[in-house]
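Student: I would like to learn how to read the ligand surroundings and the helix packing in a model of this kind. Could you take me through them step by step?

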Amino acid sequence: MAILVTGGAGYIGSHTCLELLNAGHEVIVVDNLSNSSIESLRRVSELTGKTIKFYQVDLLNKEKLDTVFGQNNIEAVIHFAGLKAVGESVEIPLFYYHNNIGGTIILCEVMKKYGIKRMVFSSSATVYGMSETTPITENSPLSATNPYGRSKLIIEEILNDLYVSDNSWSIAVLRYFNPIGAHKSGRIGEDPNGVPNNLMPYISQVAVGRLKELSVYGNDYLTLDGTGVRDYIHVEDLARGHLKALKKIMADSGVEAYNLGTGQGYSVLEMVSAFERVSGKLVPYRIRDRRPGDIGICYSDPTKAERELGWVAEKGIEEMCLDAWRWQLSNPNGYQELSNTSSEFENPRLIVM
Ligand code: NAD
Ligand code: UD1
């Protein structure tokens, strides 16, 4: 029996595939490679010495997705596939809704056809909107401030409706806080397209000399040093959270949301200092205006995940920064130099279907 991972070639997906393989699961990946490279999966199979079956399939292509389910003995799905750039979602909302919501509906329809009713879904802390109270629990009010966030909220509601219609579904909705870092080997990591929007890849690219300076968006928030506070979580801790959620959905039916965060907030300037400490590099920065739509403080209450999944984040910010830096140093241009068809080595363990 295999686990199907949609979006498995992406940042969080590739780290989760690695954890799944190391835990002895059979892994099948479906990804259209719209925001990733097959090289990530080649490296995951290299790191684990295990086989991955890969289908370059778009979730919107129901016929091809059906073939994937027809050809394999799938027991559960971990669903990462989606578009995630907030700014872009404001510019092309219909495309975001079509891809994220449409893709999820088609996936659920095919799962239903094959009687596979177990899913772990990638949601986001963005569903808490401009939440004013911290720490944020799963019962905090939900809202969306942009089409990306709204697509996550709508998908959560669709999954709830699906469960109401058929109580044999078993779904874990994981609300990630701010995933950063990389696998400690430095072989897989975050590879954003163009200039990064998010803090940690931006800091890494300044430190490596690819970007000139960091813009710190606002120093007049009600925080220790005035800069925004977030709950950064190591991507390996996050990946482990998926295995715990998988275990839960194998045992119980229902639909439950879980915060995956550390419960600890750090400011932008604290992150800059931690990064400078571990890398030995200076990260020049300039204070700018607040970024529209940003909130001052956002961190999780992760106790539900600890209580019900037996999961806690273990890695601190220095390890997150060190691992992000190792990845950046050994892959200054990400996976970019390697095309989706060539590789620095042939890997017979990656089976491209
Ligand atoms: P990512 O872009 O690296 O991975 C997403 C993958 O999905 C990519 O490989 C992309 O090619 C694939 N994809 C997109 N649309 C597809 C489609 N229609 N069919 C098949 N494949 C498709 O992003 P990530 O950071 O790994 O995020 C994974 C998930 O977690 C996303 O759903 C994202 O919204 C969510 N999330 C991410 C963060 C974050 O900060 N990285 C935070 C909260 C939630
Ligand atoms: C972003 C996304 C959000 C997503 C979350 C987790 C936006 C607007 N929101 O939010 O949907 O759920 O990531 O992945 O993109 N900062 C700087 N300079 C920079 C970049 C960021 O000062 O160049 C600051 C921000 O103002 C914020 C903090 O760093 O205080 C973190 O920013 P970022 O990494 O973009 O994450 P979020 O704002 O939490």
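Tutor: We will go through the two ligand sites, then the helix pairs, and then two backbone details. The model is a predicted one, in which local features need pLDDT of at least 70 and side-chain atom pairs count only at pLDDT 80 or more, while totals for chains, interfaces and linings use all residues. Residues are numbered from 1 along each chain as its sequence is written, chains are lettered from A and ligands numbered from 1 in the order in which they are written, and side-chain values use heavy atoms, with hydrogens and water left out.

Student: Which residues come closest to ligand 1?

Tutor: A residue is counted as near a molecule if one of its heavy atoms lies within 4 Å of it. Around ligand 1 there are 25 such residues, and the closest are Asp31, Asn35, Ser36, Phe80 and Tyr148. By class, this shell holds 10 nonpolar, 11 polar and 4 charged residues, where Ala, Val, Leu, Ile, Met, Phe, Trp, Tyr, Cys and Pro count as nonpolar, Asp, Glu, Lys and Arg as charged, and the others, Gly among them, as polar.

Student: Which elements supply the shell around ligand 1?

Tutor: Helices (H or I, at least four residues) and strands (E, at least two) are DSSP runs numbered from the N terminus. Helix 1 (11–22), strand 5 (118–124) and helix 6 (147–165) each supply at least two residues of the shell around ligand 1, and strand 5 gives the most, with 3 residues.

Student: What polar contacts does the side chain of Tyr148 make with ligand 1?

Tutor: A polar contact is a pair of N or O atoms within 3.5 Å; within protein, one must be able to donate a hydrogen and the other to accept it, and residues adjacent in sequence count only if both atoms are side-chain atoms. An N or O atom in the side chain of Tyr148 is 2.7 Å from an oxygen atom of ligand 1, a polar side-chain atom of Asn35 lies 2.7 Å from an oxygen atom of this ligand, and a backbone N or O atom of Gly10 lies 3.4 Å from an oxygen atom of ligand 1. The protein buries 95% of the 820 Å² that ligand 1 exposes when taken alone, with accessible areas coming from the Shrake-Rupley method with a 1.4 Å probe and, for residues, only the protein chains shown counting as cover.

Student: How many residues are around ligand 2, and which come nearest?

Tutor: There are 19 residues around ligand 2, of which Ser124, Ser215, Arg230, Arg291 and Asp294 come nearest. The shell has 9 nonpolar, 7 polar and 3 charged residues, and strand 8 (residues 214–217) gives the most to it, with 4 residues. Within that strand, a backbone N or O atom of Ser215 lies 2.7 Å from a nitrogen atom of ligand 2. Oxygen atoms of ligand 2 are also found 2.9 Å from an N or O atom in the side chain of Asn178 and 2.8 Å from one in the side chain of Arg291. The protein covers 86% of the 730 Å² of accessible area that ligand 2 has on its own.

Student: At what angle do helix 3 and helix 5 cross?

Tutor: Axes are lines fitted to C-alpha atoms, for helices over the stretch in contact, and angles run from 0 to 180 degrees between N-to-C directions. The axes of helix 3 (residues 62–71) and helix 5 (residues 93–113) come within 10 Å and cross at roughly 40°. Helix 3 is therefore oblique to helix 5, since angles under 35 degrees count as roughly parallel, over 145 as roughly antiparallel, 65 to 115 as roughly perpendicular and the rest as oblique.

Student: Where do Leu33 and Pro135 sit?

Tutor: Leu33, in the loop between strand 2 (26–31) and helix 2 (39–48), has a positive phi of about 60° although it is not a glycine. Pro135, in the loop between strand 5 and helix 6, is joined to Thr134 by a cis peptide bond with omega about -5°.
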